[in-house]
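Work through these short exercises with the model in view. Try each task before you read its solution.

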Amino acid sequence: GDFAEAQRHYGEAAAEMRRQGSLHADSVDYFSGATLLLSQGRLGEHLTATRQAREMLGPMIDDLLALALIESGRADEARTIPLGEHSYRPDYVRSVLLTARAMAVVALDRRDLAQQLIDDLLPVRDQLAGFCTTNFVARPVALTLGELFRLLGHTEEATRHFTLAATVARRWGSPHWLA
């Protein structure tokens, strides 16, 4: 929950990567800021950077862009983004990106996309989104699943996953995520 300190460390890492000529410094800088703001419900503040990341990294940023637009009060524009069309490789960053997609799906009431997200996220329901990256971590996956189940009207499953999300937050000593 110490987002300012986390941002300071991420900034130092990106600066060092740039100093050493890393080709990945800009993407690390973008994703670190995005995941911190995602965790705070403030991705809309990162809209310009998200548009630039979309130009640099392509459709893998579409879901983050949709969510940034929603959080900026531009839901109509977010509806024009091809939400859910980009398939993510089964790699270490997938659960963070699927979490952003799910948050946009819930915000836009896109029930048609919820079940696939549930199926994709269930295997990592007891983790933090992005846990496998060891770099970019967002809220408990179970919280996202609870919201998706609630969107579909499955209140018992939603409650089970909200309870699991609280357990995960406690395990990580995170009052922010617990709240």
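Two rings of Phe, Tyr or Trp form a pair if their centres lie within 6.5 Å. Planes over 60 degrees apart count as edge-to-face. Note that the model is predicted.

**Exercise 1.** Which residues do ring pairs link into a cluster?

*Solution.* Start with the count: the rule gives four aromatic pairs. One of them is Tyr 30 with Phe 31, at 5.3 Å centre to centre and 70 degrees between the planes. That pair is edge-to-face. Now follow the links: Tyr 10, Tyr 30, Phe 31 and Phe 136 belong to one cluster.

**Exercise 2.** Is Tyr 30 buried or exposed? Do the same for Phe 31.

*Solution.* Buried means under 20% relative accessible area. Tyr 30 has 5%, so Tyr 30 is buried. Phe 31 has 10%, so Phe 31 is buried too. Then look at the whole chain: buried residues make up 45% of its 179 residues.

**Exercise 3.** How many helices and how many strands are there in the protein chain?

*Solution.* Count the helices: ten. Count the strands: zero. Reading from the N terminus, every element is α.

**Exercise 4.** Does the radius of gyration of the protein chain agree or disagree with that of a compact globule?

*Solution.* Take the expected value: a compact globule of 179 residues would have a radius near 16 Å. The protein chain has 16 Å, so the two agree. For the extents, the C-alpha trace spans about 50 × 40 × 30 Å along its principal axes.

Notes:
Residues numbered from 1 in each chain as written. Predicted model: local features only at pLDDT ≥ 70, side-chain atom pairs only at ≥ 80, totals over all residues. Heavy atoms only, no water. Phe/Tyr/Trp six-rings, centres within 6.5 Å; stacked < 30°, edge-to-face > 60°. Buried < 20%, exposed > 50% of the residue type's maximum accessible area, 1.4 Å probe, protein only. Helix = DSSP H or I, 4+ residues; strand = E, 2+ residues; numbered from the N terminus. Rg over C-alpha atoms; globule rule 2.2 N^0.38 Å.
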